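Visitor: I would like a close look at a single part of this model. Please take one helix and go through what surrounds it.

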Amino acid sequence: MRPEIQQYLHDRPEELIFVRLHPEWYRILSRSPWETGRLKKAADLFYGRTMSQRLDRFSENAAMISMLMSMAQSMTSKNTGE
């Protein structure tokens, strides 16, 4: 692998781990070192860092908070005798 690609991966430990988990990227980067943009997109998708994945997580967290609040409200109304 080219030294500049090795340095690129050394500077980005999460992408290095991604490449180690997906060894086909060694071949891709060895043959086409300009594919680092595709590597970053693939790693972001793998680690859940895309905007749609973040929005999904936010939505799930908001739904969980809403459910917990309604559960707490129902428990307090039962305890007060309403």
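**Helix α4 and its surroundings**

Guide: L45 has its place in helix α4, so the account can begin with that residue; the model is a predicted one. With a relative accessible area of 53%, L45 is exposed, because the cut-off for that class is over 50%. Setting aside neighbours within four places in sequence, L45 is in contact with T50 and Q53.

Next come the helices that pack against α4. Helix α2, residues 13-21, and helix α4, residues 36-47, have axes that come within 10 Å of each other and cross at roughly 85 degrees. That crossing makes α2 roughly perpendicular to α4, because angles of 65 to 115 degrees fall in that class. On the α2 side the residues that meet α4 are E14, E15, I17, F18, V19 and L21. On the α4 side they are L39, K40, A42, A43, F46 and Y47. Sorted by class, this contact of α2 with α4 holds nine nonpolar and three charged residues, and no polar ones.

Helix α3 is another partner of α4. The axes of α3 and α4 lie 10 Å apart, and the two helices pack at an angle of about 155 degrees. This makes α3 roughly antiparallel to α4, because the angle is over 145 degrees. From α3, the contact takes in W25, I28 and L29. From α4, it takes in T36, R38, L39 and A42. The residues of the contact of α3 with α4 divide into five nonpolar, one polar and one charged.

L39 and A42 of α4 are listed in the contact with α2 and also in the contact with α3. W25 can be followed from the α3 side: not counting residues up to four places away in sequence, W25 touches F18, V19, E35, R38, L39 and A42.

The two partners of α4 also pack on each other. Helices α2 and α3 have axes 6 Å apart and an angle of about 110 degrees. They are therefore roughly perpendicular to each other. F18, V19 and R20 of α2 and W25, Y26 and L29 of α3 make this contact. By class, the contact of α2 with α3 has five nonpolar residues, one charged residue and no polar residue.

Several of these residues belong to the largest nonpolar core, which has 10 residues in all. The members are I5, Y8, L9, F18, V19, W25, I28, L29, L39 and A43. Helix α4 is among the elements that give two or more residues to this core, along with α1 (3-11), α2 and α3 (24-31).

As for the chain around this part, it has five helices and zero strands, and its elements run α-α-α-α-α from the N terminus on. The C-alpha atoms fill a box of roughly 70 × 20 × 20 Å along the principal axes. The radius of gyration of the chain is 22 Å, whereas a compact globule of 82 residues would have one near 12 Å. Buried residues account for 21% of the 82 residues. Of the contacts between residues at least 6 apart in sequence, 46% join residues at least 24 apart.

Conventions:
Residues numbered from 1 in each chain as written. Predicted model: local features only at pLDDT ≥ 70, side-chain atom pairs only at ≥ 80, totals over all residues. Heavy atoms only, no water. Axes fitted to C-alpha atoms, helices over the stretch in contact; angles between N-to-C directions. Helix = DSSP H or I, 4+ residues; strand = E, 2+ residues; numbered from the N terminus. Parallel < 35°, antiparallel > 145°, perpendicular 65-115°, else oblique. Contact = heavy atoms within 4.5 Å. Nonpolar A, V, L, I, M, F, W, Y, C, P; charged D, E, K, R; others polar. Core = buried A, V, L, I, M, F, W, Y, C linked by side-chain atoms within 4.5 Å. Buried < 20%, exposed > 50% of the residue type's maximum accessible area, 1.4 Å probe, protein only. Rg over C-alpha atoms; globule rule 2.2 N^0.38 Å.
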